[in-house]
Amino acid sequence: MAGAVKSNKIKKTATSDWMEIEKQRGISVATSVMAFDYADHKINILDTPGHQDFAEDTFRTLTAVDSVIIVVDIAKGVEAQTRKLMEVCRMRKTPVIVFVNKMDRDGKDPFDLLDEIEEELQIKVRPLSWPIDMGQRFKGVYNIFEQKLDLYTPSKQVVTESVEFKDIQSPELEKYIETSLAQKLREDVELIEGVYPEFDVDTYLRGDIAPVFFGSALNNFGVKELLDCFIRIAPSPRPVQAIEREVIPEEDNFSGFIFKIHANMDPNHRSCIAFVKICSGRFERNANYKHVRFGKMMRFSSPTAFMAQKKETVDEAFAGDIIGLPDTGNFKIGDTLTAGEELHFKGLPSFSPEMFKYIENADPMKTKQLNKGIEQLMDEGVAQLFINQFNGRKIIGTVGQLQFEVIQYRLLHEYGAQCKWEPISLYKACWIESDNMQMLDAFKKRKAQYMALDKEGRDVYLADSAYVLTMAQNDFPDIKFHFTSEF
């Protein structure tokens, strides 16, 4: 219930949707952070936006988590978004649990859905609970992990009771569900035991197998089973790989990195908040910490913890926690804070954009404001900037159309700069590198008008069609083409 978006007559939008464009569209474009206690454990949830145009935000958020719960709709199955998310999880070996939602509606056959998840997400699955029918006829789930039968009565207020059930072969089962359903459940569970690998926690922690749960989140059904299993098998804060060394959460000294910056949260104050994932040690309010990129010490008098939109000042926080620091332009995504040590956490991934436009200044008197606005919004990670080496023009690359509107709106309202977009026909941007410098130079010469630099000054090849890209990969075998910029 914490972050539920409810409407009332006075204020029709969720408090977290503070931008005018969000209110007009009725969607949220930012990750929200929540922390809560459950069964003597503290859980930090980073809830990411579902809208595909804001996938970048979601991908970056994944760098700050220790485990992932993927929610799959029983009717829609695996969506395009989820495939990309899974790529990031695979890249980082993040353990994944799948929750199949909306079982109180009709959808795909559970076995078909499991096959789809395995195929689309390229990960082995193992059901730890199994649904008894679905839609109007949904009777509940059998919890294979704890050998319990959880019966479902449609009500959002009451969490339904569960019955211990060690042996589903016993005729007792028919007391709770109809004979035909009991028979089907026995057959399904037998099939599961025969077909799917035995569940092993270590395999899950390595990211090689995903346990699957079924339920209906809106009716608060199946969520408790998920959480109970989650606190038993999911990892506590894990070591984080820095360039210099591996950082262990139990260390005494504080370290953390910034994975997200939210600009202009309060338009009256132009305030930004930098989200910090604490990797080790203990963070204290008003203590001095080193900003590694600047090489200077800073102190923070009002660090905040989050519960959806509510913020409260915290005096201390520990490894695994997410805190917000007020930012007056000191931070960029990926910056490191430490107790004094020189540490650089590995870069956060940027995905190859799928839409491109030239950005042009619509008001020559405001060039300075436009450049500042573009620089700050790119630091925030709203989109990616490429400078064409052939004609020197700036190209903005985004994952979705909506980001162009957000950029234009924010440049005008936050920086007083007007921009206009001009079309450019491109298929993909890929970062290129090679040990064969001769081949790299030959490639750059041949593709001169399609070469650009990103804001870090790395070479980017802007392919104008899938065919041209495939030909380039075949003609230049020694060149590596990367579709994420973390390599």
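The exercises below, each with a worked solution, concern a predicted model of a protein chain.

**Exercise 1. The chain as a whole**

Determine how many helices and strands the chain has, what share of its residues is buried, and how its contacts are distributed along the sequence.

Solution. Begin with the secondary structure, where the chain shows twelve helices and 30 strands. Next, turn to burial: of the 487 residues in the chain, 50% are buried. Then consider the surface that remains accessible, which comes to about 23900 Å², with carbon and sulfur atoms providing 49% of it. Finally, take the contacts with a separation of 6 or more, of which 69% join residues that lie 24 or more positions apart.

**Exercise 2. The packing of α9 and α10**

Describe how helix α9 packs with helix α10, stating the angle, the distance between the axes and the residues that meet.

Solution. Locate the two elements first: α9 covers residues 367-380 and α10 covers residues 401-415. Their axes lie 10 Å apart and form an angle of about 125°. Because this angle falls outside the ranges for roughly parallel (under 35 degrees), roughly perpendicular (65 to 115) and roughly antiparallel (over 145), α9 is oblique to α10. The crossing of α9 and α10 is right-handed. For the contact itself, α9 contributes Q369, L370, G373, I374, Q376, L377, M378 and E380, while α10 contributes I407, R410, L411 and Y415. Sorting the residues of this contact by character gives seven nonpolar, three polar and two charged.

**Exercise 3. The setting of D188**

Decide whether D188 is buried or exposed, and find which residues it touches beyond its sequence neighbours.

Solution. Place the residue first: D188 belongs to helix α6, which spans residues 179-195. Its relative accessible area is 10%, and since a residue counts as buried under 20%, D188 is buried. Leaving aside residues up to four places away in sequence, D188 touches F111 and W130.

**Exercise 4. The setting of V314**

Establish where V314 lies, whether V314 is buried or exposed, and which residues surround V314 in contact.

Solution. V314 sits in the loop that runs between β19 (310-313) and β20 (316-318). With a relative accessible area of 13%, V314 is buried, because the cut-off for that class is under 20%. When residues up to four places away in sequence are not counted, V314 touches R285, P303, T304, A305 and I323. As a last step, compare V314 with G324, ten residues apart from it along the chain: the C-alpha atoms of V314 and G324 are separated by 9.7 Å.

Key: Residues are numbered from 1 along each chain as its sequence is written. This is a predicted model: local features need pLDDT of at least 70, side-chain atom pairs count only at pLDDT 80 or more; totals for chains, interfaces and linings use all residues. Side-chain values use heavy atoms; hydrogens and water are left out. Axes are lines fitted to C-alpha atoms, for helices over the stretch in contact, and angles run from 0 to 180 degrees between N-to-C directions. Helices (H or I, at least four residues) and strands (E, at least two) are DSSP runs, numbered from the N terminus. A crossing is left-handed if the near helix is turned anticlockwise from the far one by less than a right angle, and right-handed if clockwise. Contact means heavy atoms within 4.5 Å. Ala, Val, Leu, Ile, Met, Phe, Trp, Tyr, Cys and Pro count as nonpolar, Asp, Glu, Lys and Arg as charged, and the others, Gly among them, as polar. Buried means under 20% relative accessible area, exposed over 50%, partly exposed in between (1.4 Å probe, protein chains only). Accessible areas come from the Shrake-Rupley method with a 1.4 Å probe; for residues, only the protein chains shown count as cover.
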